[in-house]
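Me: Could you take a close look at one part of this structure for me? I'm at the bench and would like plain words, with the cut-offs spelled out.

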Amino acid sequence: AAFMVGAAILAAGGELAIENVGVNPTRTGFLVVLERMGAHVERVNLRDAGGEPVADLIARPAALTATEVTAAEIPTLVDEVPVLAVLASRARGSTVFREVGELRVKESNRLELIASNLRAVGVKAEAQGNDLHVEGTDKPPRGRVETAKDHRLAMAFAVLGTVDGAKIRLSETQSVKISYPSFLRDLRQCFAS
């Protein structure tokens, strides 16, 4: 859901409804950070599904402002750091993600790859120790992204590729099938005029 929410926030218009999203507070740090950055993702039809809170999310385009993501927040959004980082690249100001060193030992060295791929598409980004710094820009992202067959990197940079004027080439897209087989089709449908 995080990747589609991200795409809706970067869109030029419209809104996107995503049904049946788990909204357990231990997993919604992504939404908390987005709110702080200026995106309002509405939660509607809140209900219980198998003992877990579930809602439908309505995401709309938003102008984003940089923020600091604290070490205490990371456990609630560690898997969403790639998409938050690409969103931060479109925000006004400089965003920092504190203590995200564990990203070095995910499916890839996700921390270094987020930074190097953002730089490859024209964004100032750097991993300093265990922190990730991302400088926002309004220039269209353009360049080749090395996914290292990491599904979350592929999806995050595919989302960035929806920005007006973007020209992003992913080294591969097969990896998205690991977690979201219909992702690229769904993303294209969202942006079909």
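Reply: H5 and H6 pack with their axes 11 Å apart and at an angle of about 15 degrees, so the two helices are roughly parallel to each other. Here "roughly parallel" means under 35 degrees, with over 145 counted as roughly antiparallel, 65 to 115 as roughly perpendicular and the rest as oblique. Axes are lines fitted to C-alpha atoms, for helices over the stretch in contact, and angles run from 0 to 180 degrees between N-to-C directions. Helices are DSSP runs of H or I with at least four residues, strands are runs of E with at least two, and both are numbered from the N terminus.

Please keep in mind that this is a predicted model: local features need pLDDT of at least 70, side-chain atom pairs count only at pLDDT 80 or more, and totals for chains, interfaces and linings use all residues. Residues are numbered from 1 along each chain as its sequence is written, and side-chain values use heavy atoms, leaving out hydrogens and water.

Back to the pair: H5 and H6 cross in the right-handed sense (the near helix is turned clockwise from the far one by less than a right angle; anticlockwise would be left-handed). On the H5 side the contact (heavy atoms within 4.5 Å) uses Met155, Ala158 and Val159, while H6 supplies Phe183, Leu184 and Leu187. By class, that gives six nonpolar residues, no polar and no charged. Nonpolar covers Ala, Val, Leu, Ile, Met, Phe, Trp, Tyr, Cys and Pro; charged covers Asp, Glu, Lys and Arg; the others, Gly among them, are polar.

H5 also packs against H1, with axes that come within 9 Å and cross at roughly 15 degrees. H1 and H5 are therefore roughly parallel too, and their crossing is right-handed. From H1 come Phe3, Gly6, Ala7 and Leu10, which meet Arg152, Met155, Ala156, Val159 and Leu160 of H5. That contact holds seven nonpolar residues, one polar and one charged. Met155 and Val159 thus turn up in the contact with H6 as well as in the one with H1.

A third partner of H5 is H3 (residues 81-88), whose axis comes within 8 Å of that of H5 (residues 151-160) and crosses it at roughly 25 degrees. This pair is therefore roughly parallel as well, and H3 passes H5 in a right-handed crossing. Pro82, Val83 and Val86 of H3 touch Arg152, Leu153, Ala156, Phe157 and Leu160 of H5. Seven of these residues are nonpolar, none is polar and one is charged.

H1 and H6 are linked by rings. Two aromatic pairs turn up in a search of the whole structure. One of them joins Phe3 and Phe183, with ring centres 6.2 Å apart and planes at 75 degrees, so the pair is edge-to-face (rings of Phe, Tyr and Trp, its six-membered ring, pair if their centres lie within 6.5 Å; planes under 30 degrees apart are stacked, over 60 edge-to-face and the rest tilted). Because Phe3 sits in H1 and Phe183 in H6 (residues 183-190), this pair ties together parts that are 180 residues apart in sequence.

Finally, H1 (residues 2-10) lies across strands S1 and S3, running at about 155 degrees to S1. S1 and S3 (residues 52-59) run antiparallel and are joined by five bridges (strands pair if DSSP finds at least two bridges between them).
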